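This briefing looks at how one pair of helices packs, at what surrounds a bound ligand, and at the setting of two single residues. Please keep the sequence and the model open while reading.

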Amino acid sequence: MVVGTDQPHVSEGMASGTTIAVDCSDPQLAADQIVRLDSTLSLDAVVAVDEQGVQAAAVASSRLGLPASSPEAVARTRDKALMREALAQGEVDQPAFAVVARGEPPGAAVSRVGLPCVVKPRSMSASRGVIRADTHAEAEEAVRRTRSIVASAGGSPDASVLVESYVPGVEVAVEGMLQDGVLDVLALFDKPDPLTGPYFEETIYVTPSRLSQADQDTVSAVTERACAAIGLTEGPVHAELRGDVGEDPARFRCIEVAARSIGGRCSSVLSFGTGATLEDLIVRQALHMPTARPGPGSPAAGVMMIPIPAAGHLRAVDGRDAALDVAGVVGIEVTAPVGTWIEPVPEGDRYLGFIFAKGDRPADVEAALRAAHSRLRIRIGPRGRPLA
Ligand SMILES: Nc1ncnc2c1ncn2[C@@H]1O[C@H](COP(=O)(O)OP(=O)(O)O)[C@@H](O)[C@H]1O
Ligand SMILES: [Mg+2]
């Protein structure tokens, strides 16, 4: 196994020859670097581990003739406007949408999709720049703010953005694996926090889902059709859907599909068969090796992405021992280094950290995550005063 990375700290401490520098910001260049490696090593598979790498891995796989979703399909997952158009063509249930062209005001787009609406950048992740608006005036302000977030990430200050109708109801996340276009749902997560906006900070994920079997079947079916419409055929997918469970049967609409597994450290709560990780499954599938299936009655598991309470420099996260004492809590990881600047979404671009829990039932896991979180004391210093 060779790790390709543009993060120097990743290669530190690894044996020579086990890492190469890959520039993920330029997928064609990154693919050149991977293809060059193939001439000495004969690669069996190229697997991306995060959103930054998916396009490079798809281009490299296609150039090496390895089975993978096409670069065009993966590109559609990287631009939410292209994704929406592909889903519309495939008649997949999704919110109404309209693209606000570069430099344009959003009035016409908002009139087309209706209020409330959600404004979002075309190519960002982790809810950055995603803002709900209930009036035309709020939508104008949201577009201004989203464009400034895009600009602060190096994009255009008058970027084209997307406006969608706001989908009420519950939200779920699908961890899936595609093989020849057939979707295998490896885990279905409920997101039990009310995600009603105006900002959409990611918090709790709990699996297995507490939705009815009929609703879970609908979620799988919509996800598989969404993958087909986008053109995804192979490898891990992470999809988000929203459903109005007040309707019977509930109608689930596709929020988005990513050509990768769940982000951050969230997958560490999943285990399959006799202890295989999600990453084991992904690598085995890429190598066409048999993969373990989830065992029956697998216990519930969940993760909380620790919300960032305010903008500032992170001073400390106290109370970790007390939080770890909560029954069911199996780990707490603070990933933001002390001293760094953190801020909540929609501007924020990094996670504070994660709380992990396991239990017999999803409700126990959710309660454990909330109890542990309430024991943490997140201390944040004022702007402009970095701490050592
Ligand atoms: N049309 C919508 N209706 C309701 N909520 C939405 C809508 N679009 C996005 N959201 C909320 O915002 C979150 C982030 O939006 P998403 O499109 O998934 O962007 P990102 O790539 O940043 O995750 C979603 O998980 C959901 O909670
Ligand atoms: Mg998302």
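Helix α4 (residues 71-78) and helix α5 (residues 80-89) pack at an angle of about 115°, with their axes 5 Å apart. This is a predicted model, in which local features need pLDDT of at least 70 and side-chain atom pairs count only at pLDDT 80 or more, while totals for chains, interfaces and linings use all residues. Residues are numbered from 1 along each chain as its sequence is written, and chains are lettered from A and ligands numbered from 1 in the order in which they are written.

**Packing of α4 and α5**
- The two helices are therefore roughly perpendicular to each other, a label that covers angles of 65 to 115 degrees, with the axes fitted to C-alpha atoms over the stretch in contact and the angles running from 0 to 180 degrees between N-to-C directions.
- Ala-75, Arg-76 and Thr-77 of α4 meet Leu-82, Met-83 and Ala-86 of α5, where contact requires C-beta atoms, placed from the backbone, within 7 Å.
- Helices here are DSSP runs (H or I, at least four residues), as are strands (E, at least two), and both are numbered from the N terminus.

**The buried side of α5**
- Lys-80, Met-83, Arg-84, Ala-86 and Leu-87 of α5 are buried, that is, 20 or more other C-beta atoms lie within 10 Å of their own, whereas 12 or fewer would make a residue exposed and a count in between partly exposed.
- These buried residues cover an arc of only 165° around the axis, which puts them on the same side of α5, the arc being that of the directions from the helix axis to the C-beta atoms.
- Among the elements that cover them are α4, β3 (97-100), β4 (117-121) and α8 (213-230).
- After α5 comes Glu-91, whose phi is positive, near 55°.

**Surroundings of ligand 1**
- Of the 19 residues around ligand 1, those that come nearest are Pro-95, Glu-164, Val-167, Leu-195 and Phe-200, a residue being counted if its C-beta atom lies within 6 Å.
- At least two residues of this shell come from each of β4, β10 (235-244) and β11.

**Two single residues**
- Ala-86, in helix α5, counts as buried because it has 21 C-beta neighbours inside 10 Å, and it touches Arg-76, Ala-229 and Ile-230, not counting residues up to four places away in sequence.
- Ala-86 and Gly-231 are 145 residues apart in sequence and 8.5 Å apart in space, C-alpha to C-alpha.
- Gly-381 lies in strand β17 (residues 377-381) and, with 15 C-beta neighbours inside 10 Å, counts as partly exposed.

Conventions:
Parallel < 35°, antiparallel > 145°, perpendicular 65-115°, else oblique. Contact = placed C-beta atoms within 7 Å.
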